[in-house]
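Work through the exercises below with the model open beside you. Try each task before you read its solution.

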Amino acid sequence: MMTAERIVIQGTDAPLRGQVAISGSKNAALPIMAASLLSEDPLNLNNVPDLNDTRVMVDLLRDLGVQLVLAEPQEGEIALSLTSPQTTLNPEVPIEAARKMRASVIVLGPLLARMGRATVPLPGGCPIGARPLDVHEDVLVALGATITYHNHAIHAYCEEGLKGATHRLRVPSVGATENGMMAAVLAKGTSVFHNVAREPEIVDLAHCLNAMGADIQGAGTDTMIIHGVPRLHGATHTIIPDRIEAMTYLIAAALTRGDITLTGANKDHMQGEINCLHAMGFDVQAVNGKTLLLNAAGAQPKPAHLVTAPYPGFPTDIQAQMMVLMTSIAGESRITETIFENRFQHVAPLNAMGAHITQQGETCTIQGGFPLRGADVEATDLRASSSLVLAGLVAQGTTTVGGLHHLYRGYVHLPEKLRACGAKVARLP
Ligand code: EPZ
């Protein structure tokens, strides 16, 4: 949903100091909400982040006939009870739902498994890349589905029921892995999927599906074995913390040379990224697996050369935020983006703020150490929006950020959480 609202940030030299509670993971919650389509018993979910994207998924599932009870146990969090009676399910996703959120394609696998057919309008244009669906199609066809494209929608059907299969994904696509998992759990026989995505969000989906009676082994590795079962039952599941949100705040603390405590995080989900910060001179301490401390006062930061890669490599969803940190470190840093073909749209506004970033193909070179200055900038995609807010924290003068519908898709109360650590951030209606 577009919004004319802007965020206003007064840049200061003041380091961020304080505590941030990490919300549930958007990228775990969306597929797990879709998993409710697989069972007619209630699936109860806790720690779902209250975001535009999860609210869109709530509306989408209701349009599909899911009976859904929503509670708000605390600010920024929703609890859901989702029930999908066979009698009320409708296998066609409405156009407007698919337009609002690309991730709506994630209902394709569970709808096909439960109903024998599914129609999802092709997701809206995406600023970070073409984002084709061939890998989704390949895995569902391997399980016996017929896929056609017409009327700007993807149609999947398999009247006689899906059958287990052995299949290698062309690329370890997160969404295609999730669609394949949710289709295979009710297929007849065993599936073996090779070159699957290994993200913590994939593991959380597997945990939830197994709690519902599925039989999935190997989640988190590059090969998954799924023994199909006749039906799934209800379960209660708590969504894992959002590792991308957590890293965004660790980077904000490093950028301002601050001292921040994250609560409710999961260190094991972000070891690679923490190692990157360590190599750059920022030490992250873990009080236990869930509380992380970063005290960057007195750090002697060093430039870095990073390449994004599928998990457990350096996540593409942190690339924009890391680039802002690199502008604050004297010397030459580099970032190579290997996952999406157009995910450097934050470079132009950062350069407008005085950064020295040049792009050669899929690699950006950052000459760090030049002070940023406030500017009026527009966000282009979700993670770019958070990087522009971070840049405003240290830019001299005032920065305003527009295009906030991108930000509110994926961050719970980002301005408020930064303000609680001393940032001068406000929303302009
Ligand atoms: C998920 O998107 C995340 N979204 C993205 O996070 C994340 O950036 C991405 O995984 C990579 O980690 C959710 O989980 C809701 P992919 P997804 O399929 O599943 C290509 C955020 O900021 N590809 O793993 O759409 C694709 O073009 C969002 O929270 C094909 O070629 O990503 C891309 O280059 C942004 N054909 C690469 O694979 C396909 O059929 C990775 O895409 C599918 C994907």
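## Exercise 1: A residue with positive phi

Locate H413 and say whether it is buried, exposed or partly exposed.

Solution. H413 sits in the loop between helix 13 and helix 14 (414-419). This is a predicted model. Next, take the backbone angle: phi of H413 is near 55 degrees, a positive value in a residue other than glycine. Last, take the accessibility. H413 counts as partly exposed because its relative accessibility is 26%, and the partly exposed class runs between 20% and 50%.

## Exercise 2: Another positive phi

Find the loop that holds N151 and give the accessibility class of N151.

Solution. Start with the place: N151 lies in the loop between strand 7 (146-150) and strand 8 (153-157). Its phi is near 50 degrees, again a positive value in a residue other than glycine. Now the class. N151 has a relative accessible area of 65%, so it is exposed. The cut-off for exposed is over 50%.

## Exercise 3: Helix 8 from end to end

Describe helix 8, its cap and the residue just after it.

Solution.

1. Length: helix 8 has 13 residues and spans 18 Å from first C-alpha to last, close to the 18 Å expected at 1.5 Å a residue.
2. Start: D242 caps the N-terminal end, with a side-chain oxygen 2.9 Å from the backbone nitrogen of I244.
3. Cover: 13 of the 13 residues are buried.
4. End: just after helix 8, R257 takes a positive phi of about 55 degrees.

Now zoom in on one residue. E245 belongs to helix 8 (residues 243-255). E245 counts as buried because its relative accessibility is 3%. Which residues does E245 contact, leaving aside neighbours within four places in sequence? They are A21, I22, S23, Y411, V412 and K417.

## Exercise 4: Helix 2 and its partners

List the buried residues of helix 2 and the elements they pack against.

Solution. First the span. Helix 2 (residues 52-63) has 12 residues and reaches 16 Å from its first C-alpha to its last, close to the expected 16 Å. The buried residues are N52, D53, T54, V56, M57, V58, L60 and L61. These pack against three helices and three strands, listed here:

- helix 1 (26-34), helix 3 (95-100) and helix 13 (404-410);
- strand 3 (43-49), strand 4 (67-74) and strand 5 (77-83).

After helix 2 comes G65, whose phi is positive, near 100 degrees.

## Exercise 5: The shell around the ligand

Describe the residues around the ligand by number, class and source.

Solution. Begin with the count: 23 residues surround the ligand, and the closest are V135, S173, V174, D317 and I339. Sort the shell by class next. It has nine nonpolar, five polar and nine charged residues. Then ask where they come from. Helix 1, helix 5 (134-142), helix 6 (174-184) and helix 12 (382-394) each supply at least two residues. Helix 5 gives the most, with three.

Now check the polar atoms:

- A polar side-chain atom of D134 is 2.8 Å from a ligand nitrogen.
- A polar side-chain atom of R170 is 3.0 Å from a ligand oxygen.
- A backbone N or O atom of V174 is 2.8 Å from a ligand oxygen.

Finish with the cover: the protein covers 86% of the 820 Å² of accessible area that the ligand has on its own.

## Exercise 6: T365 and E40

Give the place, accessibility and contacts of T365, then of E40.

Solution for T365. T365 is in strand 20 (residues 363-368). T365 is buried because its relative accessible area is 11%, and buried means under 20%. Its side chain makes a polar contact of 3.3 Å with the side chain of Q360. Beyond four places in sequence, T365 contacts E332, S333, R334, H356, I357, T358 and Q360.

Solution for E40. E40 lies in the loop between helix 1 and strand 3. At 41% relative accessibility, E40 counts as partly exposed. Residues more than four places away that touch E40 include T83, S84, P85 and R231. Q86 is also among its contacts, and the backbone nitrogen of Q86 lies 3.5 Å from a polar atom of the E40 side chain.

## Exercise 7: A cis peptide

Where is P312, and what is the omega of the bond from Y311?

Solution. P312 lies in the loop between strand 17 (305-307) and helix 10 (319-327). The peptide bond from Y311 to P312 is cis, with omega near 10 degrees.

Terms used: Residues numbered from 1 in each chain as written. Predicted model: local features only at pLDDT ≥ 70, side-chain atom pairs only at ≥ 80, totals over all residues. Heavy atoms only, no water. Helix = DSSP H or I, 4+ residues; strand = E, 2+ residues; numbered from the N terminus. Expected span 1.5 Å × (residues − 1). Buried < 20%, exposed > 50% of the residue type's maximum accessible area, 1.4 Å probe, protein only. Contact = heavy atoms within 4.5 Å. Near = heavy atom within 4 Å. Polar contact = N/O pair within 3.5 Å; in protein donor to acceptor, adjacent residues only side chain to side chain. Areas by Shrake-Rupley, 256 points an atom, 1.4 Å probe, with all protein chains shown as cover. Nonpolar A, V, L, I, M, F, W, Y, C, P; charged D, E, K, R; others polar.
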